Amino acid sequence: MASTLLLVVVFVFDLAAFALAVAAEQRRANASIQKDANKSYCVYGSDIATGLGVGSLLVLAVSQLVIMAASRCLCCGKALRPGTSRARAIALFITCWVTFIIAEVCLLAGSLRNAYHTKYRTSLSNPPSCETLRKGVFGTGAAFIVFTGIFSELYYVYFSEAHDGFQPDRDTGIRMGTYK
């Protein structure tokens, strides 16, 4: 039977990662062009989204680590009972890792791109291009955090179902009768 406490802990971690990613999307850096005598340059606003994105990335990684440690990453430990629960556990294991990697890449790329600021000055006739993070990168990461949370918790439930009560056949030899 799946541990309810573990599922609640993982849900809380996933919820925190989602909230941090949504907050990062809302607090992306914005830029404006400032003019100075005969030069113009970019001035960037708050850079808190980078920290929120990295925080979301780390909390999601902890959530995935907890699920994989509890299930021994599917490959270690006792064999799973054959059946639909095992097939679903394997399919969800692969799916949860794919969605986890996509979410982590979105959060990492968003954090790195949000932290990048152009630092050059140009003449007034040529205004600088003040590059900022494209809208939706952290939002995409947040969506994949939700998918990762759903798939990882379903994976753990089906893994537990296929894992509980399975005793491998220990009689692999030839039985011999009593010798008289």
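**Entry 1: cysteines.** I looked up Cys96 first and found a relative accessibility of 0%; since buried means under 20%, Cys96 counts as buried. The model I am reading is a predicted one. I then turned to Cys106, which is also buried, with a relative accessible area of 16%. I searched the whole structure for disulfides and recorded zero.

**Entry 2: helix H2.** I checked the length of helix H2, which covers residues 48-70. At 1.5 Å a residue its 23 residues should span 33 Å, and the end C-alpha atoms are 33 Å apart, so the two values agree. I noted the buried residues of H2, among them Ala49, Leu52, Ser56, Leu60, Ser63 and Ile67. Which helices cover these buried residues? I found that the cover includes helix H1 (4-26), helix H3 (84-115) and helix H4 (137-163). After H2 comes Arg72, and I recorded its phi as positive, near 55 degrees.

**Entry 3: the UniProt record.** I consulted the unreviewed UniProt entry, which lists residues 48-70, 90-116 and 136-158 under "transmembrane region". I compared two of these spans with the model. Residues 48-70 are 100% helix and 0% strand. Residues 90-116 are 96% helix and 0% strand, with end C-alpha atoms 39 Å apart.

**Entry 4: strands S1 and S2.** I examined how strand S1 (residues 31-36) and S2 are paired: the sense is antiparallel, over six bridges. Ala31 stands opposite Tyr44 of S2. Two residues lie between the strands of this hairpin, and in it Ala37 has a positive phi near 50 degrees. I followed the side chains along S2 (residues 39-44) and saw them alternate. Ser40, Cys42 and Tyr44 point to one face and are buried, whereas Lys39, Tyr41 and Val43 point to the other and are not.

**Entry 5: aromatic rings.** I counted four aromatic pairs in the structure. For Phe93 and Tyr155 the ring centres are 5.5 Å apart and the planes stand at 50 degrees, so I entered the pair as tilted. This pair links distant parts of the chain, with Phe93 in helix H3 and Tyr155 in helix H4, 62 residues apart. Both Phe93 and Tyr155 are buried. I next took Phe144 and Phe147, whose ring centres are 5.6 Å apart and whose planes are at 80 degrees; the pair is therefore edge-to-face. Both residues lie in helix H4, three residues apart, about one turn of the helix. Phe147 is partly exposed, at 38% relative accessible area. Lastly, I noted that ring pairs join Phe93, Tyr155 and Phe159 into a cluster.

How values were computed
Residues are numbered from 1 along each chain as its sequence is written. This is a predicted model: local features need pLDDT of at least 70, side-chain atom pairs count only at pLDDT 80 or more; totals for chains, interfaces and linings use all residues. Side-chain values use heavy atoms; hydrogens and water are left out. A disulfide is a pair of cysteine sulfur atoms within 2.5 Å. Buried means under 20% relative accessible area, exposed over 50%, partly exposed in between (1.4 Å probe, protein chains only). Helices (H or I, at least four residues) and strands (E, at least two) are DSSP runs, numbered from the N terminus. The expected span of a helix is 1.5 Å times one less than its number of residues. Contact means heavy atoms within 4.5 Å. Two strands pair if DSSP finds at least two bridges between them. UniProt positions are given in the numbering used here, feature names are shortened, and annotations may be inferred rather than shown by experiment. Rings of Phe, Tyr and Trp (its six-membered ring) pair if their centres lie within 6.5 Å; planes under 30 degrees apart count as stacked, over 60 as edge-to-face and the rest as tilted.
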